[in-house]
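Reader: I would like to go through this model one feature at a time, with the reasoning set out before each answer.

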Amino acid sequence: MAEETQKKIILSGIQPTGVFTLGNYLGAVKGWKDLQDEYLCYYFIADLHSMTIHIDPQKRRAQTRQAFALLLACGIDPDKSLVFVQSHNKAHAEMGWIMDCCSQFGELSRMTQFKDKSQKHPDNINAGLFTYPALMAGDILLYQADYVPVGADQTQHLEFTRDVATRFNHTYGEIFKLPEGYYPKAGARVMSLQDPTSKMSKSDPNPKATISILDDPKVIMNKFKSAVTDSEAEVAFREGKDGINNLMTIYSAVTKKTMDEITAEFAGKGYGDFKKAVGEAVCEELRPVRENFDRLMNDRAYLDEQMKKGAERATYIANKTLTKAKKRVGLLLES
Ligand code: AQP
């Protein structure tokens, strides 16, 4: 892996807020794996971002290590991609502050994620939750990323990043590349199995609503069995069939079959057969991830070494842009 290559840079992060769900996997991480040959990929565990919600400190530490291992278990190869923990590179916090000072109260107030998360955690509407997009802008701009894979829920943050970068470049002189969104061809949006109108989330308190990528096959089968569907008996993708649409989306993402092929496959069969097939396909997809994860978690020395390597490289790359930014805003650099 060399920064000198002509490859475009892709950057993305995932919060260590719990074991990744099937949504995180099919909607993000599985796609990240496939980008590794074509792009120079930088992937990080966004532990600073996870501080916007309260997590027991010991749990946060354990989940951060676990999330790092999960990325590798899902096929992110540290020999091809830069993989690191956000807080291991101090440049993120420094650049975050610079971005805070380039962000306007009004634009941060309009972020839908702030509104959603404030509603979800009304007892902890902290300033970090409000300035989260500024930290995220710093994450992206530090590495001069060309592309950022974005789901529908992230486009507003990317626009914000471009706005802040443009403002900085205009005020202090051009140093930041403006990142573009990367829209994966096969990225699936996976919904809750219990409420298919809301997305599957790591932090959902109802365990039946989410498939964790480390769930035991038996547990996976049971969760699909109890997934909410409808009172019809037709496996077809159409409006009003949120539960079945979600299961079809999952099945299609795993098997690569089209919706029409899936409808044909289950014509005349009941939802029981369909749910069983979805469960089995997901178990098979996740089996190697679980095996890799168990192996990695038993090799603490390897994980520590990879984290250290990632932190060093990330710091080296990011410091180039950070130093430029600090100079431009007039911070007196240490001699
Ligand atoms: N249900 C989903 N379907 C498809 N993609 C999803 N992602 C998350 N949920 C789904 C994508 O996973 C990446 C990492 O997400 P994150 O951990 O940074 O934050 P998030 O989007 O807030 O994920 P969660 O699981 O919902 O976490 P919590 O519960 O902590 O808020 C992102 O690319 C995201 O789009």
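Reader: Which residues of H13 are buried?
Author: In this predicted model, a residue counts as buried when its relative accessible area is under 20%. An α-helix has 3.6 residues a turn, so residues three or four places apart point the same way. In H13 the buried residues are Leu303, Gln306, Met307, Gly310, Ala311, Ala314, Ile317, Ala318, Thr321, Leu322, Ala325 and Lys326.

Reader: How far does H13 reach from its first C-alpha to its last?
Author: Helix H13 covers residues 300-329, which is 30 residues. At 1.5 Å a residue, a span of 44 Å would be expected, and the helix comes close to that value, with a reach of 41 Å.

Reader: On which residue is the kink in H13 centred?
Author: Just after H13, Gly330 takes a positive phi of about 90°, but the kink is a separate feature of the helix itself. The kink amounts to about 35°, and its centre is Asn319.

Reader: What share of the ligand's exposed area does the protein bury?
Author: Among the polar contacts, an oxygen atom of the ligand lies 2.7 Å from an N or O atom in the side chain of Thr17, and a nitrogen atom of the ligand is 2.7 Å from a polar backbone atom of Val190. A polar side-chain atom of Ser203 is 2.4 Å from an oxygen atom of the ligand. Taken alone, the ligand exposes 640 Å², and the share of this that the protein buries is 91%.

Reader: Which element gives the largest share of the shell around the ligand?
Author: The shell has 18 residues, which divide into five nonpolar, eight polar and five charged. Two elements, strand E1 (9-14) and helix H1 (22-35), give two or more residues to this shell. The largest share, four residues, comes from H1.

Reader: Is Gln144, with its positive phi, buried or exposed?
Author: Most residues other than glycine have a negative phi, whereas Gln144, which is not a glycine, has a positive phi of about 50°. Gln144 sits in the loop between helix H7 (127-142) and strand E4 (147-149). Because its relative accessibility is 18%, Gln144 counts as buried.

Reader: And is Lys256 buried or exposed?
Author: Lys256 also is not a glycine, and has a positive phi of about 70°. Its place is in the loop between helix H10 (242-255) and helix H11 (259-265). Because its relative accessibility is 59%, Lys256 counts as exposed.

How values were computed. Residues are numbered from 1 along each chain as its sequence is written. This is a predicted model: local features need pLDDT of at least 70, side-chain atom pairs count only at pLDDT 80 or more; totals for chains, interfaces and linings use all residues. Side-chain values use heavy atoms; hydrogens and water are left out. The expected span of a helix is 1.5 Å times one less than its number of residues. The bend at a residue is the angle between axes fitted to the seven residues ending there and the seven starting there. Buried means under 20% relative accessible area, exposed over 50%, partly exposed in between (1.4 Å probe, protein chains only). A residue is near a molecule or strand if one of its heavy atoms lies within 4 Å of it. A polar contact is a pair of N or O atoms within 3.5 Å; within protein, one must be able to donate a hydrogen and the other to accept it, and residues adjacent in sequence count only if both atoms are side-chain atoms. Accessible areas come from the Shrake-Rupley method with a 1.4 Å probe; for residues, only the protein chains shown count as cover. Ala, Val, Leu, Ile, Met, Phe, Trp, Tyr, Cys and Pro count as nonpolar, Asp, Glu, Lys and Arg as charged, and the others, Gly among them, as polar.
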